Amino acid sequence: MTHNHTSPCDRSKFPAPAQKFELFREIEKQAGIQACREAIASLRPARFGFGQTLSFCNVNRDLKTRFGFWVEGPNYGGYSDKRLSIIKFVDMEGNLIAALMNYCCHATCAFLQKDTDGKWKSSGNFPGIASRFVEEYYGGDAVALWTSGSAGNQDPILFDYGWQEFTDGYVTKIAEPDGTGYLHMEELGRRQGAEAVSCLENISCDSCEAALTYLTSTVKVPARKRVGAAAESGPFGLRVGGEGPRTDFSAPIMPNFPAFEPNPGVTVNYTLNLLRLGKIDVILTSGELYAEIGRDMIRESTAEHAFVITHIPGQGGYTLDQSSRDHKTFQAFGPVEPGTADALLIEQSRRLSQLAEAEVD
């Protein structure tokens, strides 16, 4: 679950040919079945524990330039959740069985960038490298699983492009040489892998038996729809600025942002579930939440520890919090009005946590 933006897809801007997509889906399906079989066959008594460390691999990506443009770029002063959360499972001899890791970041160090051999490649990006680092360090059949937290406004701190700004307010992305993004993912992956190992080494696995509770729910958020000429345009056209060296030095033109109106009777239905394992809440949601929303959902948990996993099946998409209502980035123009979903999601996660607490008691 790396949210890597490089797997074949049948509904993106760059859809894979149907035959290749079906082949990939079959490979993915069979690999999943085999992984389940191996996991069931290797079941054994275990102990578990929880730990956190700070990992400086991400950065807020909602950037307002000094001339008023909102762009997808590194906002080093914006809120960024640096917590790397890990549930550690060991056998009765203390050998690592699995590490469930969670971090708030898109895995897009090399988004749509070619490698040095001129080929676009699918990979787990830096999370895949971090997982491999942990598995190789502990050896045996240890498994490290990386999950995406509330990363709606969190990008890798190392990109495959740079920014150039001009005195009239124009900004443009300058692509770095082919392969640079792949070097970046290697650097960040190894960095986070080392951070994960340090965290794991300090986690005490004292819990052997614990109550396991799983609760499911749906959060319905009123939808909106575009009106006028912008009704059919996609959100990705609203990235402000240019691509590549600037050649046109005429005054930059601010975009015409789409107008919206309520969409009566239509809701965006977020899946919001909760897994309580002992003193740990794993909150699962289908939305691509801003990090501030995930932070506040965690605060409402009644468990000793908690973290949020996003991108489970369901609806949602980019979900901006109240403090980001004025951010005119591309992700602000979806069917959910910025700032209208966070209170509902936070309240429901609190309710689920309280229900889980009551079941344990």
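What volume does the largest cavity have? In this predicted model, a search of the whole structure returns one cavity of 30 Å³ or more, and the largest cavity has a volume of about 90 Å³. Its lining is made up of 15 residues, among which Asp81, Arg83, Asn102, Cys104 and Ile298 lie nearest the centre. Two or more lining residues are contributed by each of strand S4, helix H4 (291–299) and strand S16 (305–309), and the largest share, four residues, is that of H4. When the lining of the largest cavity is divided by class, six residues are nonpolar, six are polar and three are charged.

Open space was examined in the second largest pocket, where about 840 Å³ is found. The lining of this pocket comprises 25 residues, and those that lie nearest its centre are Ala39, Phe89, Ile97, Ala98 and Val143. At least two lining residues come from each of helix H1 (18–41), strand S4 (83–90), strand S5 (96–103), strand S6 (143–148), strand S13 (259–277) and strand S14 (280–285). By class, the lining of the second largest pocket consists of 20 nonpolar, two polar and three charged residues.

The packing of nonpolar side chains was considered next. In soluble globular proteins, nonpolar side chains tend to be buried together. The largest nonpolar core of the model contains 27 residues, and the members with the most contacts inside it are Ile86, Met101, Tyr103, Phe126, Val134 and Met185. Strands S4, S5 and S6, together with helix H2 (125–138) and helix H3 (180–201), each supply at least two residues of this core, and the greatest contribution, seven residues, is made by H3. The surroundings of Val134 illustrate this packing: when neighbours within four places in sequence are left aside, Val134 is in contact with Leu96, Met101, Ala144, Gly193, Ala196, Val197 and Leu200. A second core, separate from the largest, has 21 residues, including Val219, Val268, Ile293 and Ala306.

Among the sheets of the model, an open sheet of three strands follows the order S8-S9-S12 and has mixed pairing. Strand S8 (161–165) and strand S12 (242–243) occupy the edges with a single partner strand each, so that one side of each has no neighbour in the sheet. Strand S9 (residues 171–175) pairs with S12 in the parallel sense over two bridges, and Thr172 stands opposite Gly242 in S12.

Backbone geometry was also inspected in two loops. In the loop between S5 and H2 lies Leu112, whose phi is near 55°, a positive value in a residue other than glycine. With a relative accessible area of 44%, Leu112 is classed as partly exposed. In the loop between S16 and strand S17 (317–319) lies His311, for which phi is near 70°, again a positive value in a residue other than glycine. His311 is likewise partly exposed, its relative accessible area being 29%; because buried residues are those under 20% and exposed residues those over 50%, the value of 29% falls in between.

Key: Residues numbered from 1 in each chain as written. Predicted model: local features only at pLDDT ≥ 70, side-chain atom pairs only at ≥ 80, totals over all residues. Heavy atoms only, no water. 1 Å grid on protein atoms, 1.4 Å probe; cavity = no way out; pocket = protein on both sides within 12 Å on 5 of 7 lines; lining within 4 Å. Points joined across faces, edges and corners; volume = space filled by probe spheres on them. Nonpolar A, V, L, I, M, F, W, Y, C, P; charged D, E, K, R; others polar. Pairing = 2+ DSSP bridges. Core = buried A, V, L, I, M, F, W, Y, C linked by side-chain atoms within 4.5 Å. Buried < 20%, exposed > 50% of the residue type's maximum accessible area, 1.4 Å probe, protein only. Contact = heavy atoms within 4.5 Å.
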